[in-house]
Amino acid sequence: MKKFKSIISLVLLTILIGCSGDDTSLDSVTNAPAPTNLSALFTITQDNSGLVTIAPRGEGLVKYDVYFGDATVEPAEVNVGGTVDHTYAEGQYNVKIVATAINGLTSEVELPLTVAFRAPENLDVTITPVVGDSFSIGVTASADYETFFAVTFGEDPQQEPVQFMQGDPAVTHTYANTGTYTVTVTAYSGGVATTTYTENVVISNPILLPLTFENAALNYSFSDFGNVTTSKVNNPDVSGINLSSKVGRTVKNNGAETWGGTTMVLDNPIDFSTLNKFRIKVWSPQVGAVVKLKIENLTDAGINHEVDQVTTVANAWQYLTYDFSGVNTSQSYSKVILFFDFGNPGNGASYYFDDIYLTNGDEPKTLPLTFESSTINYGFGDFGGAFATKVTNPNPSGINTTANVARVVKNAGAEVWAGTAITLTEPIDFSVYHKIKIKVWSPQAGIPVLLKLENSTNTNINIELPVTTTVANGWEELTYDFTGINTNNAYQNVVLFFDFGTNGTGATYYFDDVKLSN
């Protein structure tokens with residue numbers, strides 16, 4: 001302030017020297033009016049930074065003091081024709097402009113300033129299904145002028161929005177049931193301005209092969225004919241090859257037609273491009289019952305193909321395999337039709353069926369894996385420098401006296417993640433049992449044996465657990481607890497890593513009897 005007063009004094013002195021004979025000039029300075037026509041131009045940058053450029057305007061003045069109207073105490077001094085920048089939070093302010101004339105007289109004006117951040121623009125939301133999991137979706141978003149995003153998935157009104165940033169990996173959500181849900185993505189700027197996008201997503205798990213009857217969200221609809229009654233029921237005999245919780249039951253009522261049966265309609269036609277055989281688990285009260293499997297075109301019943309098989313076991317589960325290699329693949333087939341005890345009238349007997357799927361006809365590889373079959377091709381998938389094969393049990397003692405086992409050699413220099421995989425014919429059924437037990441033989445105690453389960457078509461869908469051996473040079477049983485596993489996912493690959501995390505030394509390991517248990 002003293003400096004500015006000195007400048008005024010110098011100006012006055014110059015005027016007096018230059019106009020010493022003119023007293024009226026001094027009067028014009030000392031009697032100058034206070035500044036007039038005060039205003040200001042506010043320019044707000046359009047990047048949501050809150051940066052405002054203030055350009056004061058007025059007449060008859062030599063400088064301005066700008067009071068910003070926020071928590072800033074000291075004003076900014078601005079020369080005539082100058083500007084000042086200031087960063088505001090979003091809100092409303094009264095900016096005071098104090099103008100000073102050459103003689104020290106002042107005028108002031110208060111001007112309203114509204115700082116409103118720009119709403120995000122060009123909001124682009126991408127909602128994609130998670131491959132291999134029809135109940136899950138992923139959400140990503142981008143926008144101009146955004147600070148962050150928040151998404152709700154429309155399933156739970158009390159759900160807290162999930163926040164994420166542009167460029168983050170997709171935010172995933174798994175729905176509990178099928179249905180139509182509204183996904184809402186809100187883009188936030190630096191203040192209250194928001195931009196919202198909504199999209200309805202349909203979560204469906206269509207009736208497709210394989211038919212397992214385990215999904216509570218699906219409506220397994222049966223169209224019965226010939227006086228039979230079919231429904232989804234609890235498995236009456238959880239044993240042997242079928243540990244599932246739910247199965248299909250057909251009651252061939254007394255007097256039912258010889259051709260009585262039931263029809264299941266698939267949401268997509270059957271794909272015979274790589275596999276042309278059906279395998280079904282059936283339970284019959286008698287040996288010798290004909291179980292006919294027929295497939296039909298969705299709209300033309302004249303387009304069909306059928307194959308018969310005969311039960312060989314009574315009061316227990318067995319596999320029946322149907323060879324459809326002769327089917328006309330130029331036609332489409334969406335109906336699966338089953339006839340139990342075909343050719344005989346109904347007598348009130350109940351028949352059960354489960355796990356209808358396409359196969360190449362090989363003997364099925366399912367849990368338990370015992371390595372005792374001479375006709376199963378176990379097809380070990382080795383990686384990282386490990387090598388697996390079926391061999392004679394080298395130490396039939398203790399808890400494992402079986403004839404055959406699997407051997408894994410972790411060759412010298414093998415990767416820390418070296419292992420072997422077996423792909424099962426059908427996904428593991430966790431509807432009843434949630435643990436997997438494996439008998440192992442290790443040359444040393446204290447090594448981790450990692451068990452990993454994978455989806456056979458999308459290995460990104462997986463779950464893994466390590467268990468440490470406690471016995472050296474002897475058989476022991478390791479238990480892997482998969483309680484809480486997502487049963488909507490299909491796990492067919494059984495992957496084992498011996499001495500996980502350590503490079504191979506040439507050691508040999510054995511395993512056997514991979515089974516479900518509680």
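Two residues are in contact when heavy atoms of theirs lie within 4.5 Å. With that in hand, here's a look at this chain, which is a predicted model. Among its contacts between residues at least 6 apart in sequence, 68% join residues at least 24 apart.

**The overall picture**

Let's begin with the chain as a whole. There are 2 helices here, set against 34 strands. The radius of gyration comes to 40 Å, well over the 24 Å that the globule rule gives for 518 residues, so the chain is more spread out than a compact globule. The C-alpha trace tells you about the extents: along the principal axes it spans about 135 × 60 × 40 Å.

How much of the chain is buried? Buried residues account for 42% of the 518. As for the surface, about 24500 Å² is exposed, and carbon and sulfur atoms supply 50% of that area. On the charge side, the chain carries 26 positive and 52 negative charges, and the mean positions of these two sets are 8 Å apart.

**A32 and its contacts**

A32 is a handy place to get a feel for those extents. It sits in the loop between α2 (23-30) and β1 (36-44). Is A32 buried or exposed? Its relative accessibility is 15%, and since buried means under 20%, A32 counts as buried. Neighbours within four places in sequence aside, A32 is in contact with I102, N103 and L105. Now look across to D308: it is 276 residues away from A32 along the chain, and the C-alpha atoms of the two are separated by 115 Å.

**A hairpin**

Moving along, β13 (residues 179-188) and β14 (residues 194-203) form an antiparallel pair with 10 bridges. What joins β13 to β14? The link is a hairpin, and it runs through 5 residues. To find the register, look at V183, whose bridge partner in β14 is E199.

**Two mostly buried strands**

Next up are β18 and β28. Strand β18 (residues 261-265) has 4 of its 5 residues buried, so it is largely enclosed by the rest of the structure. Strand β28 (residues 419-423) is mostly covered too, with 4 of its 5 residues buried.

Each of these strands has pairings worth tracing. The table lists them, with one residue pair for each.

| Strands | Sense | Bridges | Residue pair |
|---|---|---|---|
| β15 and β18 | antiparallel | 3 bridges | D224 and T262 |
| β18 and β23 | antiparallel | 4 bridges | M264 and V336 |
| β25 and β28 | antiparallel | 3 bridges | G381 and A421 |
| β28 and β33 | antiparallel | 4 bridges | T423 and N493 |

If you're following along in the viewer, β15 covers residues 223-225, β23 covers residues 335-340, β25 covers 381-383 and β33 covers residues 493-498. So where does β18 make its bridges? Its T262 is the bridge partner of D224, while its M264 stands opposite V336 in β23. In β28, A421 has G381 opposite, and T423 is partnered by N493 of β33.

**Backbone oddities**

Finally, a few spots where the backbone does something less usual. Most residues other than glycine have a negative phi, and most peptide bonds are trans. Four places here go the other way.

Two of them are cis peptide bonds. One joins L209 and P210, with omega at about 0 degrees; P210 lies in the loop between β14 and β15. The other runs from L367 to P368, with omega near 5 degrees. P368 is likewise in a loop, the one between β24 (349-359) and β25.

The other two are positive phi values outside glycine. Which phi does N122 have? It is near 55 degrees. N122 is found in a strand, β8 (residues 121-130), and at 58% relative accessibility it counts as exposed. Y145 has a phi near 65 degrees, again positive in a residue other than glycine. Y145 belongs to the loop between β9 (133-144) and β10 (148-152), and its relative accessible area of 29% makes it partly exposed.

How values were computed. Residues numbered from 1 in each chain as written. Predicted model: local features only at pLDDT ≥ 70, side-chain atom pairs only at ≥ 80, totals over all residues. Heavy atoms only, no water. Rg over C-alpha atoms; globule rule 2.2 N^0.38 Å. Buried < 20%, exposed > 50% of the residue type's maximum accessible area, 1.4 Å probe, protein only. Areas by Shrake-Rupley, 256 points an atom, 1.4 Å probe, with all protein chains shown as cover. Lys, Arg positive; Asp, Glu negative; His and termini not counted. Charge placed at Lys NZ, Arg CZ, Asp CG, Glu CD. Pairing = 2+ DSSP bridges.
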